[in-house]
Amino acid sequence: MNTPKKRIVEEPVIKWDRNGLFRCRVCGCTEVDACQPPCAWAETGLCTTCADAIADIQIWQGRARRANMTALLRELKSWTNRRTSGRGAR
Ligand SMILES: [Zn+2]
Ligand SMILES: [Zn+2]
C-alpha cells in the first residue's frame, strides 16, 4: 500500500461539539454558545455572524484594486490592538 508523505488536510465542512450540536466552522459557536449578539444559521455549519463577515469581505474583494487578505488581516490585528490598548503608536 502506498503511504503518501504529504498529508492533505481536509477541512471538515460540518463540525459538531461534544453534545452533538452543530458548530460554526469559522467561529466555533453553537446553539448553546452563540455569538454576541446571538446568531442564527446561515447554512449548516456556518452562522450568520460569519456569513455577514464573508459577505462584507466579498464586497471588499470586488472594490479593492488588489484584495490582499494577508494585508487585511494584518491591518485588522493592528486595529484590534489599537482599540484594546488605546494607543496608536507602537
Ligand atoms: Zn460563526
Ligand atoms: Zn455564531
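The expected span of a helix is 1.5 Å times one less than its number of residues. Keep that handy for the exercises below, which all deal with a predicted model.

**Exercise 1. Find out how many helices and strands the protein has, and in what pattern they come.**

Solution. Start by counting: the protein has four strands and two helices. Next, walk along the sequence, and you'll meet them as β-β-β-β-α-α.

**Exercise 2. Check the reach of each helix against its expected span.**

Solution. Take α2 to begin with. It covers residues 69–85, which makes 17 residues. From first C-alpha to last, α2 reaches 24 Å, close to the expected 24 Å. Now for α1, with 16 residues at 48–63. Its first and last C-alpha atoms are 22 Å apart, close to the 22 Å expected.

**Exercise 3. Work out how well the helices are covered.**

Solution. To call a residue buried, you need 20 or more other C-beta atoms within 10 Å of its own. In α2, the count of buried residues is zero, so this helix is hardly covered. In α1 the count is one among 16 residues, and α1 is hardly covered too. For the protein as a whole, buried residues make up 6% of the 90 residues.

**Exercise 4. Describe the surroundings of L21: where does it lie, and what is it in contact with?**

Solution. Place it first: L21 sits in the loop between β1 (15–16) and β2 (22–23). Then look at its cover. L21 has 13 other C-beta atoms within 10 Å, so it counts as partly exposed. Now list its contacts, skipping neighbours within four places in sequence: you get W16, T30, E31 and V32. As for V32, it is eleven residues from L21 along the chain, and their C-alpha atoms are separated by 8.4 Å.

**Exercise 5. Say which peptide bond at P37 is cis.**

Solution. Go to the loop between β2 and β3 (41–43), where P37 lies. The bond from Q36 to P37 is the cis one, with omega near -5°.

**Exercise 6. Decide where confidence is lowest and where it is highest.**

Solution. Begin with the average: the protein has a pLDDT of 85, and 82% of the residues score at least 70. Then compare elements. Confidence is lowest in β1, at a mean of 72, and highest in α1, at 97. One reading tip: where pLDDT is low, don't read the predicted coordinates in detail.

Definitions and conventions
Residues are numbered from 1 along each chain as its sequence is written. Chains are lettered from A and ligands numbered from 1 in the order in which they are written. This is a predicted model: local features need pLDDT of at least 70, side-chain atom pairs count only at pLDDT 80 or more; totals for chains, interfaces and linings use all residues. A residue is buried if 20 or more other C-beta atoms lie within 10 Å of its own, exposed if 12 or fewer, and partly exposed in between; C-beta atoms are placed from the backbone. Two residues are in contact if their C-beta atoms, placed from the backbone, lie within 7 Å. pLDDT is the predictor's confidence in each residue, from 0 to 100.
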